[in-house]
Each structure stands twice: as C-alpha cells, then as structure tokens.
Amino acid sequence: MTARLAGKSALVTGGRQGIGRGIAEAFLAEGAQVHVCGRGNGNDKPEGVIWHQADVSSAASVAELGPAVGEIDILVNNAGVQVEKTVVDSTDADWELIMGANARGVFNCCRAFIPKMTTGSIINIGSISGNVADPSMALYNASKSFVHGLTRSIAVDHGPSIRCNAICPGWIETGMLEAGFALAQDPEKARSDALARHAVRRFGRPSDIASLAVWLASDESGFATGQLFTIDGGMTAASPLQPGLF
Amino acid sequence: MSRLSGKVALVTGGRGGIGRAICARFAEEGATVIAADLSEQGSVGSEAEGSFVRLDVTSEDEAKAAMTQVSEDHGKLDILVNAAGVEIEKTIEDTTLDEWNRIFAINVTGTFLTSKHALPLMRTAAKDSDGGASIVNFGSYDGFIADPQLAAYCATKGAVHALTRAMACDHGPDGIRVNAICPGFVDTPMLASFFSGGDQGAAMSAAARTEAENVHPMRTIGTPRDMANLVLWLASDEARYASGQLWVLDGGLSAQVQQMRL
C-alpha cells in the first residue's frame, strides 16, 4: 500500500477521542507525522502521535502551540463541545464554552497556522446540524454554521496555496451520541428509531469520517476547496418524517 | 388595498387543490384571473374564482391556444403560475416508463410549454410594470430531500428547481422574474392520496396525518391559502427584486434534522 500522506505533517485538534482520534490514527496509518492537541495531559493519546497540551479557545494557548508544532501541511479543526439547550436556557458560560471551542477555536487555529502552511489542506469539522437544526442544540447548531461560513471564506482568501473544506458528520458513534441517547426516556427505543432513519441502517464510525479526511488531506483532492461534505449515512437526504409512517 | 389591480394572471392547475386557492387570492387582490385546467371543476369538483380556459399542459397545441385566447381577451399576461402537477407514490422499480414519462410531461414539460408560449405576452406586460412580469413555478421541498416512494415526483421537482433558475437567468433582462415555491405538506387531494398510501379516493388516514403534523415545528400542515399568500407576494410588485429563488414553505419541516422520538 502506498502511504497517501507520506512526508506530510498534520495537526489534529481535539484528537484524543472520538472523531479526532479516528482521524489522527488514519493519518498515522497513511504515513503522516501527526500532532494532536487537547486540554488534558495526553495520557491516553493515540499511539505514535506528538501530544501538545493546548486550549484552542485561548488565543494565547494557540500562540504557544504554533512554535511547538512548527510547519504543517494539514490542519484538522476537530475540537468541539456540545451543550443540549435552547437559546432561552443557554447561559453566558454556555456561550463562552461552545462558541469558544467550536467557533473561536477554529478561528484561532486557522489564524495561527495558515502562515505556517506553504501549501496545504485545512479540514474543519462542521456538522449536519450547521445546515439543519437539532432540537435543543441552539448554540451548537449556530457554532457549526459559523464553521461552514469560515470554511468558504478561508478557501476564497487563502487559495490557491491552501485548500479548506468542512466535513459535516451525521450521527457518529462517539461519546456525544451516547450522551444524546442517555437523555431519552427509552434509550433503546430511541436508538432503534434513529437507526431506521439512516438509509445505510447504521450509525457512522470515526473511521468513516477519517477516510474522507484522508482524502481531503491528500493530493488526490487537489481541486476540492470551499465545500461542505456531508457524511451521514443518508439521514439528511430523507425528509424528517417518521419512518414507516406511510 | 388591491395588490394586483390591473394585472392579468393565468394559473395552471387552477381548479386543483392549491391552484384554486391562488385564483381566489389573486381575485381578492384585484387581478383578472384565468384558471387553466383540464376541466371547469377540476380535481376538487366545484367551481371557483376566475374565468376558465381548457389546458392540458402536456399539449403544445393547447398551450398555444390558451395563450392566443389570453392575447385576444387581454393583450398581455403579467403573472403565470405553473401549479399543475401530479405525483406517483412509487419507487423507481415499481414505476413504469409510461408513468415516468407522464409525470415528467405534466410537472416538467408542462412548466416548459406553458412558460414558453406565455413569454411573448409576459414581455408585453413587463414593459408597463414597475415590478415586471412574474412566473411562479411549483417546486417542492421534495426537490431537496426525499420522501419515501416518491422517486419520480422528487426527480420532477428537482428539475423544476433547476429550470426556475435557468429561466430567471434568461428572461430577467426582459423584466420577467421567475421563482419557484417549494411547498411541504399542504392539505390537498394530492396529500390525501399520499396519506392513504396512493390509493386514489381512499379516506385520509387520520393517524398518519396527526403524526405528520406533529413532526412540523408549526405542528400543523399547510393550507392552500398559505401557499397562495406566498405566490401572491411573488406575483406582486412588492417582490420586484425577487428572482431565481426557491422559496420553501413547509412549516419548518425541512429546517430540522430527522426528528427522533426521544
């Protein structure tokens, strides 16, 4: 097998778990040098990555991260948080947390690392929730729309040397998904109902997202920029009605 | 206030569920309304506002004849609403070629033929109007996302969306605006058929209807008059800068992701 990212250096934010970890592991498998940053000490970091402790929501922290990581070819803005609240229930602290990580974090990292990328690919993790709304996820949904807008702006402003795309995952089997089901009155019923809404009849896996991230990071995708790529098992291709209703 | 006074409007499918509501709304606002349909009573089975002209939208001869009559009676056409449409509740495997060709003939070719032969009369109207002339096509939220077992219908509506943008590009310089409204669930005979599993004439399933209503953020399905109110705005001079757009009107249905019952 040819290593598709051989000779490339990547930074994946929030790569300790979930989708970010899947991406970091896939990049390693394709021959890239992979830097991962997170707020913790990296005790349970993926094997083989270079760990950096950093808080993407802090410009000062990201400014320190820059020299530590050095020049990169690939930036994956994956770090993100979600809070399940409506606008009315959201506090200023919720705003700081969500917009800090999901919106300002992406901005901070792009501002710090674009000058360190002679050529390269930025991959932002957007969401289907940035295009259509999940109930009681108001700030999260809005933060992902911000990511989608910034993605297009960076593609326009910093091409042709830098490409920038977003991946919009649907329901991926991560801690975030489990947290959602745990809120249900009947978590098992909620799970089977949700499955029925996916044309592929399964939820996504971090590896499903990672495979698209590898493509977007590689030179194979040299003409792809400024786009939002949804990968959701067909969920948002269908209308929001109850399956089996008709 | 008469928002369409002095305007001449032709509505295809003008005796159908949504079409007749548009005719009535236009008439309320002072337009001269021509309902074009297969029969005077249409699918709803009663008479309604406006004069009537026989039009099978799949026939180029009938499209020409209808426009000749409009020309003789009124000399211009300010507003064309392409509301004639049908749906087939089937997957592509179950859809015959004849069925496929028929739904495209009505939903897509019908929009093409009626618009094509209306354009000369609309150019005339646009010259004397601040807001230009206005064509309103019928897309659907199903042109963006799919409902099960409506494959050919979804495809026709996607085609109408693309045609709408193309027509807006081509005819905007002549003062003709072209938009599509994209209804979600609207209380019509077509929806009753959908709720009853495509069995024409069967009673609407009350349970299915309630279920569907509850999935909408507005907790209701739309009325033909809801659609007519948007068509009215697009047809009026207030919308003089609106062109080439797809106007989704679905009670918020497609603003959300799939609604899990948690």
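A residue counts as buried if 20 or more other C-beta atoms lie within 10 Å of its own, as exposed if 12 or fewer do, and as partly exposed in between. Keep that in mind as we walk through this predicted model, beginning with a single residue in chain B.

That residue is B:Val86, found in the loop between β4 and α3 of chain B. Is B:Val86 buried or exposed? With 19 other C-beta atoms within 10 Å, B:Val86 is partly exposed, because buried residues need 20 or more. Now look for its partners further along the chain. Leaving aside residues up to four places away in sequence, B:Val86 touches B:Ile103, B:Ile106 and B:Asn107. Take B:Asn107 as an example: 21 residues separate it from B:Val86 in sequence, yet the C-alpha to C-alpha distance between the two is 6.8 Å.

From this loop, let your eye move to the sheet of chain B. It is an open sheet of 7 strands with parallel pairing, and its strands run in the order β3-β2-β1-β4-β5-β6-β7. At the edges sit β3 (51-54) and β7 (246-249) of chain B, each pairing on one side only. From one strand to the next, the twist averages 20°.

To see one of these pairings in detail, find strand β6 (residues 176-183) of chain B, which pairs with β7(B) in the parallel sense over 4 bridges. Here B:Cys182 has B:Val248, in β7(B), as its bridge partner.

Helices pack on this sheet too. Helix α1 (residues 17-28) of chain B touches β1 (8-12), β2 (32-37) and β4 (79-82) of chain B, and its direction makes about 170° with that of β2(B). Helix α3 (residues 97-127) of chain B also packs on the sheet, where it touches β1, β4, β5 (133-138) and β6 of chain B; the direction of α3(B) makes about 170° with that of β4(B).

Our last stop is a pair of helices in chain A. Which angle do helix α1 (residues 18-29) and helix α7 (residues 206-217) of chain A make where they pack? The angle is about 50°, and their axes are 8 Å apart. That angle makes α1(A) oblique to α7(A), and α1(A) passes α7(A) in a right-handed crossing. On the α1(A) side, the residues that meet α7(A) include A:Gly18, A:Ile23 and A:Phe27, while those on the α7(A) side include A:Pro206, A:Ile209 and A:Val214. Sorted by class, this contact has 10 nonpolar, 4 polar and 1 charged residues.

Technical notes:
Residues are numbered from 1 along each chain as its sequence is written. Chains are lettered from A and ligands numbered from 1 in the order in which they are written. This is a predicted model: local features need pLDDT of at least 70, side-chain atom pairs count only at pLDDT 80 or more; totals for chains, interfaces and linings use all residues. Axes are lines fitted to C-alpha atoms, for helices over the stretch in contact, and angles run from 0 to 180 degrees between N-to-C directions. Helices (H or I, at least four residues) and strands (E, at least two) are DSSP runs, numbered from the N terminus. Angles under 35 degrees count as roughly parallel, over 145 as roughly antiparallel, 65 to 115 as roughly perpendicular and the rest as oblique. A crossing is left-handed if the near helix is turned anticlockwise from the far one by less than a right angle, and right-handed if clockwise. Two residues are in contact if their C-beta atoms, placed from the backbone, lie within 7 Å. Ala, Val, Leu, Ile, Met, Phe, Trp, Tyr, Cys and Pro count as nonpolar, Asp, Glu, Lys and Arg as charged, and the others, Gly among them, as polar. Two strands pair if DSSP finds at least two bridges between them.
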